[in-house]
Amino acid sequence: PKAIHLKDYAPPPYLIDTVDLTFDLGEEVTRVRSSLQLRANPVRLPDGAPVPLVLDGQELKLVSLAIDGRTLEPAEYAIGPESLTIFDPPAAFALEVETELKPQENTSLEGLYRTSGNFCTQCEAEGFRKITYFLDRPDVMARYRTTITADALKYPVLLSNGNLVAASKMGHDGRHTVTWEDPFAKPCYLFALVAGVLVHVEDSYVTRSGRTVTLRIYVEPGNQDKCDHAMRSLKKSMAWDENVYGLEYDLDIFMIVAVGDFNMGAMENKGLNVFNTKYILARPESATDTDFLGVEAVVAHEYFHNWTGNRVTCRDWFQLSLKEGLTVFRDQEFSSDLNSRPVKRIADVQRLRAAQFPEDSGPMAHPIRPDSYIEINNFYTTTVYEKGAEVVRMIHTLLGAEGYRKGIDLYFERHDGQAVTCDDFVAAMEDATGKDLSQFRRWYSQAGTPELDISGEYDGHGRTYRLTVRQSCPPSPGQPVKQPYHIPLALGLLDPQGADIPLRLKTEDVPKGTSRVLDVTEAEQVFEFADVPAPPVPSLLRGFSAPVKLRMSYTDDDLTFLMANDSDAFNRWEAGQTLGTRLLLGLVEDRAAGRPLELSRGFLDALDKILNDPALDHAFAAQALTLPSEGYLGQQMPVIDVDGIHEVRGFARKAIAAHLRDDLLSTYRALGGNEPFAIDAAIGRRSLKNLALGYLMSLEDAEAVELCVGQFHNAHAMTDVIAALGLLNDTHLPQRDAALARFYETWKNEPLVVDKWFSIQAMSERPETLAEVRSLLNHPAFEIRNPNKVYALIGGFAGGNAVRFHDSSGAGYEFLADQVLTLNGLNPQVASRMVKLFARWRKYDDRRQAFMRAQLERIVGAPNLSPDVFEIASKSLQ
Ligand code: DPP
Ligand code: ZN
C-alpha cells in the first residue's frame, strides 16, 4: 500500500456536472446504471486538451460503457483492480456506465450493503467507488438524480437524497420505482440510498423564514416508540443553528434512517442521514443518561454538517478537520447551551485527555490536517475531530463570539457550494476581523501536545506578580522540532480570600476584567501584573482555553484552595484532579517501594467539603468526586505500572469510602428514590447517587450490597440499573451471576441493551474476565459482523479494561490479535480500530512490550492484510 501526500494535491482533470443513477436492487445481483455529464476542468486543461479519464472503482463488474450513446471498444479503455481508464475522451461528453455488484456479500459496511434484510449505503470517505465508477474525491461536486427499482413487498420504502419527484405503483413484476432529486451539488461521499421494510415517525419544523420542513425518522418496525428524544433533539438543533449561526435548513424534507450495522456513529448524507441505532433509539428504561446525551449530540452534529460539511465541503481528505473539527465544536456548544456548560466542558476535556493526548504522543500522532495517509479511514481520529474542535474553540476565544460569527458569516459568503481548505477557513476568520492568525496556523500543521511550564513570582514592594510562561512541544513522527504555537491562555489571580483580583498588566493604564486571555506566542514570555495587593494563587488555563499540558508548581494547599474558591468551575474541578493525580502517583511509588499506603487527610477533607456543599450542582459534584482515571494516571508515568495504578486507585476509593461512609449513605438516600425520568437536572442527581453507591460498594459491606442489589431490581431508569449491575459485576458475590442472567433475560431482544451486557462483562476487573470474554464470543447474541458488538465485547475488554488486557501473561494481547486478524477479512475499518489498541505498546515494561510487539509483528506478517490494518500496525512498530 502506498501513502498519499497533501503536497501532491492537484485539481481533478475532469468535472462532473450531473449524475443520473438507476439502481435495480436484487437478491443476487444489483445493477447500477450511471449517466454522467463530464467536461474537462478548465483549471487543469485550459485548452480542453484531453487526457485520459481515470475513474475510481472497486469490486465492480463492468457490464457496459458508452460515450455520447456509442458503446466503447475494448481498446478504448482499461480496467484495473481499482480503476477504469478511458484513454481518449472528448472535452465534454455524456458517459454511461453499467455495473453489477453484490451488496449481500459486502461485510465491510462501506459502499452498498445489507443490514437486517435492508439495503443501505455508507460512502464517506471512499465508499462510492464500490457502487459505481466515479471521480471519488470531494472536490468533484455534482447534482444527483437517483432512481431506485426494487421488489415492492421486500422493499416498500425506497430513499435517496433530496426531494421525491416520482413514484410508481407496483407493476406486474411485483416491483416498484421511485426517483429522488437533490438540487444541491454535492461530492459523492454524501450520496445515500436506503431500501427496505421501515416505519417512520414524522414531525415538522417551520424555519425562521417560514418554510415548513418535513422531518422523518425511519426505523425497523417495533422501534417507533424510541424516537421521541432524537426528534426533539433534531428540532432543537434546527432552532439552535438559526439562532446562533443564522443557518436554516435548505430542503423540504430531512430524513434520518437508523440501522443496526454501521461502522461509525452516523453519517450526514445530504437530506438523508444514516445513523447507527445507538444514536437514535432511546427510552429511559433501556437507554442511559449518557446514551440520551449522545443521541442529542450526534443528531445535532449530523444536522450541523448540512452547512459545515455539505454546503461547504472539503477540497480533499487532508482537510477533514475543516468539517469535523468545526462541527464537533458546534455540537459541543449546542450541548453546553442546552445542559450544564462546565459539566460538558469537563466531560469533553476528559475525553480529549483519555483518547487524543495518547494518540498525539504515540506512533500515530498527526496534525489535525495530516500530511499523508495510506488509508483515509484511519484518519477519522480523535485528533482530527476533538483536537480539531479545540482549535476552532481557540479561534473563538481569540476573536470573541462576535468576531467569530463575522468570520463564519464571511466563510459562508465566500465558499457556499465550494470544496475548500482549512486555510480558507482561517483566512475568512482573519479577513472578517483583522486578527493575524499566521502563527496560529501551526496548530493545523504540527502534531503533538504542547506543554506550558508556568512559574509565578510575587514582589511585595512593587505589588507586582510576574508570570513566566515557557512553551515546548515534544517531537512526533516526521516532526523532530516544533515552532512555538499561538496559545490563548485564559487566567485569573485569586487573592488570599479567594476573590478574583482585577487584572492590569504593567503596560496598561486600567485593569481589564478579572478573567482574561493572554496571547502566548513565544517560547518564553513574561507577563507582569500590577496592583497585586498580596501573593495571589493563579488560576491558569481557565475553561481549558488550549489543548495543552500545564505544569505549575502549586503546593497541595494551593490546589485545595483553588478547589474551594476558583470562580472558574472547570479549574475548580481541575485543581482536584491535579491534586488527586499527584497523590495517587505518589502512592504508586510507595507501593513499588514497599511502603505502606496512606491517603492524605487534606485531600479527604476537600472531598468531604464537596460532598457536603449544598450549593454545588450534583453533576459537577460527581465529576469532582471522581478520581483521575487509570488511563490518565498511566499517561503521567514514563513506564505505565498497570497493576500498581489499579491497586492504588482501588485503595484510594476504599479509603475515601471509609472516611465518608455516613455522608455517602445519606447522599445516596437523599437522591436515591425512583423519580420520574427526565433529561435535566435529574441526570446530575443520578450521577451523584450512583457515584455514592460506587464508593459504598468498594467496601463491599452488607448494607452497600443490599442497596446495590435493591437498586438493580427496583430501578426504572437504565442508568440506575446499569450502574448497579456494573458494580456487582466486579465482585464475586453470588448476586453477580444472578443479576447478569436476569438482565440478559429481560433485554435479550434489544440489541443495544445486549451490547451493554457484553461490554460490562468485558470490563470486569475479575481475574477470570478474559476467559469469560472468550466464551462470550460464542454466545448466540454475539455477532462479529456487527460493529457495535465488536466495540462492546472486544473493544470493551482491550480498550476499557487495562488491568486484564495488560495481564502480564500476554494472553490478552494474543486474544486481541486473533480478533484483529478475523476482522481484517470481514471489516477492515473495524479491524483497524481494534489494532489501534496496541499503538501505545512502548509505554509498558519490557516484558509486556515484547508480547505486544510480537503480536503486532504477527499481524503485519499475516496474508491479505487490508491497507487499514497494515497502516496502523506497521506505523506502530516504526
Ligand atoms: N459520519 C461521520 C461524522 O459525522 C463522518 N462524517 O463525523
Ligand atoms: Zn462529523
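# Exercises: strands, a sheet and a helix

Strands β5 and β6 (residues 70-71) run antiparallel, joined by two bridges. The model is predicted, and the exercises below work through parts of it.

**Exercise 1.** Which residue stands opposite R70 in β6, and what do β5 and β6 form?

Solution.
- Step 1. Find R70 in β6. Its opposite residue is I67.
- Step 2. Look at the link between the strands. Two residues lie between β5 and β6, and the two strands form a hairpin.
- Step 3. Check the turn. D68 sits there, with a positive phi of about 50 degrees.

**Exercise 2.** How many bridges join β5 to β9, and in which sense do these strands run?

Solution.
- Step 1. Locate the strands. β5 covers residues 61-67, and β9 covers residues 92-101.
- Step 2. Count the bridges. There are six, and the strands run antiparallel.
- Step 3. Pick out one pair. T99 in β9 faces L62.

**Exercise 3.** In what order do the eight strands of the open sheet come, and which are the edge strands?

Solution.
- Step 1. Read across the sheet: β6-β5-β9-β3-β2-β12-β15-β14.
- Step 2. Find the edges. β6 and β14 (163-167) each pair on one side only.
- Step 3. Test the pairing. β2 (residues 14-24) and β12 (residues 142-151) are parallel, with seven bridges. In contrast, β5 and β9 are antiparallel. The pairing of the sheet is mixed.
- Step 4. Zoom in on β12. There, R145 is the bridge partner of D20.

**Exercise 4.** What span should helix α15 have, and how far apart are its end C-alpha atoms?

Solution.
- Step 1. Take the helix. α15 runs over residues 702-714, which is 13 residues.
- Step 2. Use one less than the number of residues, times 1.5 Å. The expected span is 18 Å.
- Step 3. Compare. The end C-alpha atoms are 18 Å apart, so the two values agree.

**Exercise 5.** Which residues of α15 are buried, and which are exposed?

Solution.
- Step 1. List the buried residues: A704, L707, C708, Q711 and F712.
- Step 2. Place them around the axis. Their arc is only 130 degrees, so they lie on the same side of α15.
- Step 3. Turn to the other side. A702, E703, E706, G710, H713 and N714 are exposed there.
- Step 4. Ask what covers the buried residues. The cover includes α13 (642-671), α14 (681-699), α16 (718-729) and α17 (734-747).

**Exercise 6.** What percentage of residues 230-443 is helix, and what percentage is strand?

Solution.
- Step 1. Name the region. UniProt, in an unreviewed entry, places "domain: Peptidase M1 membrane alanine aminopeptidase" here.
- Step 2. Read the content. Residues 230-443 are 56% helix and 9% strand.
- Step 3. Add the ends. The end C-alpha atoms of this stretch are 34 Å apart.

Technical notes: Residues numbered from 1 in each chain as written. Chains lettered and ligands numbered in written order. Predicted model: local features only at pLDDT ≥ 70, side-chain atom pairs only at ≥ 80, totals over all residues. Pairing = 2+ DSSP bridges. Helix = DSSP H or I, 4+ residues; strand = E, 2+ residues; numbered from the N terminus. UniProt positions renumbered as here; feature names shortened; annotations may be inferred. Buried ≥ 20, exposed ≤ 12 C-beta atoms within 10 Å, placed from the backbone. Arc of directions from axis to C-beta. Contact = placed C-beta atoms within 7 Å.
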